[in-house]
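User: I am new to this structure and would like to be guided through it by questions and answers. Please explain each term when it is first used.

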Amino acid sequence: MQSAAQRMTREEYLAFEETSEIKHEFFNGEIFAMTGGTFEHSAIAVQIASLLNARPSTKGCRPMNSDMRVRTPSGLDTYPDISVYCGEPHLTDNRLTLLNPVLIIEVLSPKTSSYDRGDKFKLYRSIPTLTDYLLVDSQQMLVEHFRRTADEEWILHVYQQPEETVPLGSIDGSLALADIYHGIQFAVPDQS
């Protein structure tokens, strides 16, 4: 991600974002252009959002796509691939920013993988409502599920087999790897 040359306030960022043709993250006075994803990245994100939307939630949960900005208490404004809230959405910035996601899903790209696992996850952990964080690989069948415990610890479970299912306590639901990756054909690495 590339940083803008100048520093700005959050209010300046919001005004800038309203007229920008591309989305930007904002943190500590800097903006970062968000890059587009691969075909597989997009197909997986759409598949997951469709799966979540098709299953009625007993908690009244609803998935949002990457057009929904999320703000963390630690000061990050970003656009996760998928965010899910339950009950009433807590919105700010003229209903453009969600404050209470319970589940965030990032589909990994080679360029963003380290950031999504590291600094971004650290900032996401400051969201008090967030209890599930999924990292879904776009180059192989691999889902990393971080779950917040009652003791504020984050437990990691890794799923790699098509018959495995990821339990999502935050929404009283689950996602099967076979469904997440349905129809996805991974690119064969170039051997040259």
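User: Which residue does a disulfide join to Cys61?

Analyst: This is a predicted model, in which local features need pLDDT of at least 70 and side-chain atom pairs count only at pLDDT 80 or more, while totals for chains, interfaces and linings use all residues. Residues are numbered from 1 along each chain as its sequence is written, and side-chain values use heavy atoms, with hydrogens and water left out. A disulfide is a pair of cysteine sulfur atoms within 2.5 Å. The sulfur of Cys61 has its partner at an S to S distance of 1.9 Å, and that partner is Cys86.

User: How many residues apart are Cys61 and Cys86, and in which strands do they lie?

Analyst: Helices (H or I, at least four residues) and strands (E, at least two) are DSSP runs, numbered from the N terminus. The link of Cys61 and Cys86 is right-handed, with 95 degrees about the S-S bond. It connects distant parts of the chain, 25 residues apart, with Cys61 in strand E3 (residues 61-64) and Cys86 in strand E6 (residues 82-86).

User: Are Cys61 and Cys86 buried or exposed?

Analyst: The classes rest on relative accessible area: buried means under 20%, exposed over 50%, and partly exposed in between (1.4 Å probe, protein chains only). By this rule, Cys61 and Cys86 are both buried.

User: How many salt bridges does the structure hold?

Analyst: A salt bridge is a side-chain nitrogen of Lys or Arg within 4 Å of a carboxyl oxygen of Asp or Glu. One of them joins Arg10 and Asp77, with N to O at 2.8 Å. The number of salt bridges in the structure is 11.

User: Which parts of the chain does the pair of Arg10 and Asp77 link?

Analyst: Arg10 counts as buried because its relative accessibility is 15%, and Asp77 counts as buried because its value is 0%. The two residues are 67 residues apart, so the bridge links distant parts of the chain: helix H1 (residues 10-19), which holds Arg10, and strand E5 (residues 77-78), which holds Asp77.

User: Which residues are joined into one network by salt bridges that share partners?

Analyst: Asp77 also meets the side chain of Arg71 in a salt bridge (2.6 Å, N to O). Arg71 counts as partly exposed, at 22% relative accessibility. Salt bridges with shared partners form one network of Arg10, Arg71, Asp77 and Asp93.

User: How many residues apart in sequence are the parts that Arg55 and Asp179 tie together?

Analyst: Arg55 and Asp179 form a salt bridge, with their closest N and O atoms 3.3 Å apart. Arg55 lies in the loop between helix H2 (39-54) and E3, whereas Asp179 lies in helix H5 (residues 177-180), so the parts tied together are separated in sequence by 124 residues.

User: Which class of accessibility applies to Arg55 and Asp179?

Analyst: Arg55 has a relative accessible area of 36%, which makes it partly exposed. Asp179 has 29% relative accessibility and likewise counts as partly exposed.

User: Where is Tyr181 placed, and is it buried or exposed?

Analyst: The place of Tyr181 is in the segment after H5. In space, its C-alpha is 7.1 Å from that of Met141, although the two residues are 40 residues apart in sequence. With a relative accessible area of 4%, Tyr181 is buried.

User: What separates the C-alpha atoms of Leu168 and Arg147 in space?

Analyst: Leu168 belongs to strand E13 (residues 165-168). At 1% relative accessibility, Leu168 counts as buried. Leu168 and Arg147 are 21 residues apart along the chain, and the separation of their C-alpha atoms is 8.4 Å.

User: What radius of gyration does the chain have?

Analyst: The radius of gyration is taken over C-alpha atoms, and the globule rule is 2.2 Å times the number of residues to the power 0.38. For 192 residues, a compact globule would have a value near 16 Å, and the chain agrees with this at 17 Å.

User: How many helices and strands does the chain have?

Analyst: Of the 192 residues of the chain, 44% count as buried. The secondary structure comes to 5 helices and 14 strands.
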